[in-house]
Amino acid sequence: MPEQWKEAHVTPIYKKGRKKQPSNYRPVSLTSVVCKLMEKLVRKQVMEHLNVNKLLTDSQYGFRNKRSTVLQLLKVLDHWTEILDDGNCLDVLYLDFSKAFDTVPHCRLTSKLQAHGIQGSVLEWITDFLTGRKQRVSINGSLSEWLPVRSGIPQGSVLGPVLFIIYINDLPDLVKNFAMLFADDTKIYAQVNNEYEHRSLQDDLSRLMQWSEKWQLSFNAAKCKVLHYGRNNRHFEYSMGNGQAKVTLQSAEEEKDLGVIFTTDLKFSRHIATAANKANRIVGIIRRSFRYLDKPMLAQLYKSLIRSHLEYANTVWCPMKQADIDHLERVQRRATKLITVMKDLSYPERLRTLKLPTLVYRRARGDMIEVYKILHNLVDSTDQSPLHLADQGATRGHSFKLQKRYCRTALRAHAFSQRVVDKWNSLPEAVVSSPTLNAFKNSLDRHWSGCTNLYNYRD
């Protein structure tokens, strides 16, 4: 492998926390473009081998085809609300690796690749790709001296993420309860009503600590947290390490999980407020940056810069409270007033003029699109699908009719798998049986063209 392919300029990307703290930045490597082309070829063959032989754990959602952050969050939230609906308590442990990509030992990674059946010239190329690398930091045009890279997987490379998920592929096998991963973002959870169930989850955590010591991929105990769900939760404590190194996990009221803020009431008002505030700031930036805006310009700016913040993962956090619905809609209401000549029009009239539907309509449409993708296998939902088809012999309707289950709590009734049933079942056969996703979207828009909440969200 050419030496130039092994050189990288490291650029620090801010993650979270205090901006003056260097540990709160992720080092991303800018590598050779030609090398990335070669990495794509190798990655394609490696992933094909892993998928054909079903070698990757079902708990891993990161960097895999037909899997996404939204799909993982939908599945865990459906399971959590089911546990809580049955009157049980739930503890979720969020685990944070310490510089995960940068500390992977090359020799141990090679052994894991061999264990997954990656051998011969492909293994030799990957080994050469990892060894003999050097890097320097680039900040504002200033460069540091070159330093050798003795361990780790380059963040920013094409092949790196695949190598990492192979390295931690056996981690969920140690968990007796439930584990979910998105690359290095790991959470384990369990129903916890008594001391026995608490010890079971603590044992899972202890086994993960043993794994981290064996494979030299340590957890940052100070950043690991536990969230307690359930009205009668006893708030058990969980610890990492032994003796003087023993650390008790911090109990938190909220945690940002794959871009969505989860709170212990699972009502997502905190996330909605954060998303609305971020979108409002962008509205202010647009107002101060443009002296003139016409309708096409505003529509394009709004769709690309503002609405994305208001809609990311909205199938997960769809608001329950009218106050939260109003909070989101006010952002769009404010954005549509940026065109001076439209200020005197009512909100529904501005939406019709700009051809922008209400966010309420957009969320309902997004729910239906997600259902279509799951039922038509456009996402990998084979494991623990949140949706269940109804018995066609005992029901009327189209061929993809969903089963609605009994719910004891409003929280469970509002979960994705329950709230979408009535709307989905009311759609005609011609819509739900559309041959492609784009065809479904067009058919759905035509079918719902007369909906009252298209431009008036309070109807």
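1. Is Glu 254 buried, partly exposed or exposed? With a relative accessible area of 31%, Glu 254 is partly exposed. This value, like the others in this note, is computed from a predicted model. The Glu 254 side chain forms a salt bridge with that of Arg 270, at an N to O distance of 3.2 Å. Since Glu 254 belongs to strand β13 (residues 254–257) and Arg 270 to helix α7, the pair ties together parts that are 16 residues apart in sequence. Arg 270 counts as partly exposed too, at 42% relative accessibility.

2. The salt bridges deserve a wider comment. Side chains of opposite charge can pair when their charged atoms come close. The structure holds 16 salt bridges, one of which joins Arg 67 to Asp 58, with the closest N and O atoms 3.6 Å apart. Arg 67 counts as buried because its relative accessibility is 9%, and the cut-off for that class is under 20%. Asp 58, by contrast, is partly exposed, with a relative accessible area of 40%. The pairing extends to a further acidic residue: Asp 58, Arg 67 and Asp 380 are linked in a network of salt bridges.

3. A salt bridge within a helix is found at Glu 370 and Lys 373, whose side chains meet at 4.0 Å, N to O. Both residues lie in helix α12 (residues 359–375), and because they are three residues apart there, about one helical turn separates them. Glu 370 counts as buried, at 9% relative accessibility, whereas Lys 373 counts as partly exposed, at 23%.

4. The charged surface should also be described. Lys 15, Lys 16, Arg 26, Lys 223, Lys 256, Lys 278 and Arg 281 form a positive surface patch. Among them, Lys 223 is placed in the loop between α6 (195–214) and β9 (225–229). The relative accessible area of Lys 223 is 34%, so this residue is partly exposed. That figure also satisfies the patch criterion, because patch residues need over 30% relative accessible area.

5. Two backbone conformations merit inspection. Ala 183 has a positive phi, near 60°, although the residue is not glycine. Its place is the loop between β7 (178–182) and β8 (185–191), and Ala 183 is buried, with a relative accessible area of 5%. Lys 355 likewise is a residue other than glycine with a positive phi, near 60°. Lys 355 is located in the loop between α11 (347–354) and α12. Unlike buried Ala 183, Lys 355 is exposed, its relative accessible area being 65%.

6. Which residues does Pro 27 contact, leaving aside its neighbours within four places in sequence? They are Val 10, Thr 11, Asp 102 and Gln 155. For Thr 11, the C-alpha atoms of the two residues are 5.7 Å apart in space, while 16 residues separate the pair in sequence. Pro 27 is situated in strand β2 (residues 25–30) and is partly exposed, with a relative accessible area of 28%.

7. Asn 169 occupies the loop between α5 (160–167) and β7. This residue is buried, with a relative accessible area of 8%. Not counting residues up to four places away in sequence, Asn 169 touches Leu 55, Leu 56, Thr 57 and His 116. A distance across the chain may be added: the C-alpha atoms of Asn 169 and Lys 267 are 32 Å apart, and the two residues are 98 residues apart along the chain.

8. Helix α7 (residues 269–289) also includes Arg 287. Arg 287 is partly exposed, having a relative accessible area of 44%. Apart from its neighbours within four places in sequence, Arg 287 is in contact with Arg 334 and Leu 338. From Arg 287 to Asn 193, 94 residues apart along the chain, the C-alpha separation is 52 Å.

Technical notes
Residues numbered from 1 in each chain as written. Predicted model: local features only at pLDDT ≥ 70, side-chain atom pairs only at ≥ 80, totals over all residues. Heavy atoms only, no water. Helix = DSSP H or I, 4+ residues; strand = E, 2+ residues; numbered from the N terminus. Buried < 20%, exposed > 50% of the residue type's maximum accessible area, 1.4 Å probe, protein only. Contact = heavy atoms within 4.5 Å. Patch = residues over 30% accessible without salt bridge, like charges linked within 9 Å, V, L, I, M, F, W, Y side chains within 5 Å. Areas by Shrake-Rupley, 256 points an atom, 1.4 Å probe, with all protein chains shown as cover. Lys, Arg positive; Asp, Glu negative; His and termini not counted. Charge placed at Lys NZ, Arg CZ, Asp CG, Glu CD.
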